[in-house]
Amino acid sequence: MRSYSCVCGNIAFFENTHCLACDEDLGWCPGCSRLSTLLPEQDGMFRCGNKHCNVLLAKCHNYAHEAVCNRCYIVSADESPARFCDYCRFNDTIPDLTVPGNREMWGRLEAAKRRLLYTLDLLRLPYGRLEDGIEPALTFDFKADTTQKPKWWWSMGKEERVYTGHAHGKITINVREADTVEREKARVLFQEAHRTVIGHFRHEIAHYYWQMLVQDVSEQECKAVFGDHENPSYADAQQKYYKDGPTAQWQKNYVSAYATMHPWEDFAETFATYLDMVSVLDTARHMGVDENCDPLTAALPMMVRRYAELGVVFNEMNRSMGLTDLVPEIFGPPIVTKLQYVNDLVRTAARPE
Ligand SMILES: [Zn+2]
Ligand SMILES: [Zn+2]
Ligand SMILES: [Zn+2]
Ligand SMILES: [Zn+2]
């Protein structure tokens with residue numbers, strides 16, 4: 001991630017909605033692909049503050065009315081106003097905003113979703129809705145468990161547990177994952193090095209890309225790297241994992257304990273780790289920490305080496321502050337082979353510039 005600047009010269013970050021120095025609104029401009037100052041125009045519209053861009057913008061509905069987005073769309077004559085931005089248009093379901101706390105948690109999910117899609121755009125990976133002609137069509141459901149006592153006898157017995165996961169392009173995230181206390185409890189329970197909202201998005205989008213790029217396309221190549229995803233079945237593997245736990249010494253061959261469950265989860269965990277690495281290297285590049293390693297073009301072994309070197313530094317930084325390690329994994333040769341597969345898959349799928 002890079003940082004941006006307001007027309008007043010103040011630094012602006014990807015998540016910002018407002019400049020603390022000059023009081024102007026900030027928002028993502030799709031015209032120049034940057035976080036820009038929003039200079040007020042008539043009828044609630046704005047002009048992009050980037051003088052080389054200057055397009056007419058309107059705030060996304062989820063920015064203007066729900067305060068969970070900070071993106072804009074370009075206003076053109078043939079478009080009706082008050083619509084969603086390029087990222088919010090993927091939402092199919094949002095949580096019940098009459099439930100206290102849901103709006104705040106939804107906002108955290110949206111922030112993580114924007115980071116995810118930013119990285120996918122950076123890698124020029126394809127994704128889209130049905131009308132974009134991309135299959136599977138990507139959609140998001142952000143939902144909470146419903147456990148309230150029923151008000152009326154005829155509505156009794158309907159309790160829905162929401163499972164975070166992916167099915168045919170739909171990514172469902174339980175809003176509880178945005179509850180810091182609940183998530184940390186789960187992290188400790190499952191002995192995970194990290195459990196983050198962005199991590200969930202990166203894991204689930206990996207299943208999306210397995211379906212788009214591997215299924216019926218290159219399953220044999222994938223099997224050669226991750227093992228046979230058809231045998232044992234997913235259900236059998238899942239049952240065994242929750243009964244027996246991860247295989248011993250999993251750290252040599254897998255990026256996480258969960259990856260040992262089934263080749264699909266190994267693929268997803270490895271793909272998510274690849275996105276972690278790309279994101280960290282991209283940030284390091286734009287923050288002047290390491291300008292030489294471009295995660296879009298560097299060879300995978302170089303990326304792995306620089307990620308490990310940055311890990312040594314930033315793990316110690318984090319430990320200085322009592323935080324968990326930034327880079328908890330050590331990538332042995334079997335893991336590098338899997339990352340190389342993901343790297344090749346991603347770069348082959350990238351849209352031309
Ligand atoms: Zn400013
Ligand atoms: Zn612009
Ligand atoms: Zn939006
Ligand atoms: Zn999964």
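What spacing do the donors of the zinc ion (ligand 3) follow along the chain? The spacing is C-x8-C-x15-C-x2-C. The model in which this site appears is a predicted one, and the site offers a suitable entry to the structure.

The zinc ion (ligand 3) is held by the SG atoms of Cys60, Cys69, Cys85 and Cys88, at 2.3 Å. The angles that these four donor atoms subtend run from 106 to 117 degrees, and the arrangement is therefore tetrahedral. Within this site, the pair Cys60 and Cys85 links distant parts of the chain, the two residues being 25 residues apart. Cys60 belongs to the loop between strand E6 (56-59) and helix H1 (61-64), whereas Cys85 belongs to the loop between strand E7 (72-74) and strand E8 (91-93). Cys60 and Cys85 are both buried.

The strands around these loops can be followed next. Strand E6 pairs with E7 in the antiparallel sense, over three bridges. Within this pairing, Lys59 is placed opposite Cys72 of E7. E6 is also joined to strand E5 (residues 46-48), again in an antiparallel arrangement, here through two bridges. In that case Arg47 faces Leu56 of E6.

Strand E5 leads to a further metal site. Cys48 supplies one of the SG donors of the zinc ion (ligand 2), together with the SG atoms of Cys29, Cys32 and Cys53, at 2.3 Å. Along the sequence, the donor residues of this ion are spaced C-x2-C-x15-C-x4-C. The site of the zinc ion (ligand 2) is tetrahedral, with angles of 108 to 112 degrees among its four donor atoms. For tetrahedral coordination by four donors, the ideal angle at a metal is 109.5 degrees. The donors are not uniform in their exposure: Cys29 has a relative accessible area of 0% and is therefore buried, while Cys32 has a relative accessibility of 22% and so counts as partly exposed.

The zinc ion (ligand 1) has as its protein donors the SG atoms of Cys6, Cys8, Cys19 and Cys22, which lie 2.2 to 2.4 Å from the ion. The spacing of these donor residues in sequence is C-x1-C-x10-C-x2-C. Angles of 103 to 114 degrees among the four donor atoms accompany a tetrahedral site. Which donors of this ion are buried, and which are partly exposed? Cys6 has a relative accessible area of 4% and is buried, because the limit for that class is under 20%. Cys8, at 40% relative accessibility, counts as partly exposed, and Cys22, at 27%, counts as partly exposed as well.

A structure with these cysteines invites the question of how many disulfides are counted. The count comes to zero. A disulfide is a covalent bond between the sulfur atoms of two cysteines; the rule applied here asks for a pair of cysteine sulfur atoms within 2.5 Å. Another cysteine, Cys222, is buried at 2% relative accessibility.

Beyond the metal sites, strand E11 (residues 170-174) is mostly covered, four of its five residues being buried. E11 has a parallel partner in strand E9 (residues 139-143), the two being paired over five bridges. Thr139 stands opposite Lys170 of E11. Strand E10 (residues 165-167) is an antiparallel partner of E11, over three bridges, and there His166 has Ile171 as its bridge partner. E10 and E11 form a hairpin with two residues between the strands, in which His168 adopts a positive phi near 50 degrees.

His166 also provides a path to the helices. Apart from neighbours within four places in sequence, His207 is in contact with His166, Trp264, Glu265 and Ala268. His207 lies in helix H4 and, with a relative accessible area of 15%, is buried.

Helix H4 (residues 197-214) in turn contributes to the largest nonpolar core. This core contains 82 residues, among which Ile205, Tyr209, Phe267, Phe271 and Tyr274 touch the most other members. Eleven of the core residues come from helix H4, which gives the largest share. For Phe271, the residues touched are Leu125, Arg202, Ile205, Ala206, Tyr209, Val342 and Val346, when residues up to four places away in sequence are not counted.

Note on methods:
Residues numbered from 1 in each chain as written. Chains lettered and ligands numbered in written order. Predicted model: local features only at pLDDT ≥ 70, side-chain atom pairs only at ≥ 80, totals over all residues. Heavy atoms only, no water. Core = buried A, V, L, I, M, F, W, Y, C linked by side-chain atoms within 4.5 Å. Buried < 20%, exposed > 50% of the residue type's maximum accessible area, 1.4 Å probe, protein only. Contact = heavy atoms within 4.5 Å. Donors = N, O, S within 2.8 Å, 3.2 Å for Na, K, Ca; no water. Tetrahedral: all angles 85-135°; square planar, octahedral: opposite > 155°, others 65-115°. Pairing = 2+ DSSP bridges.
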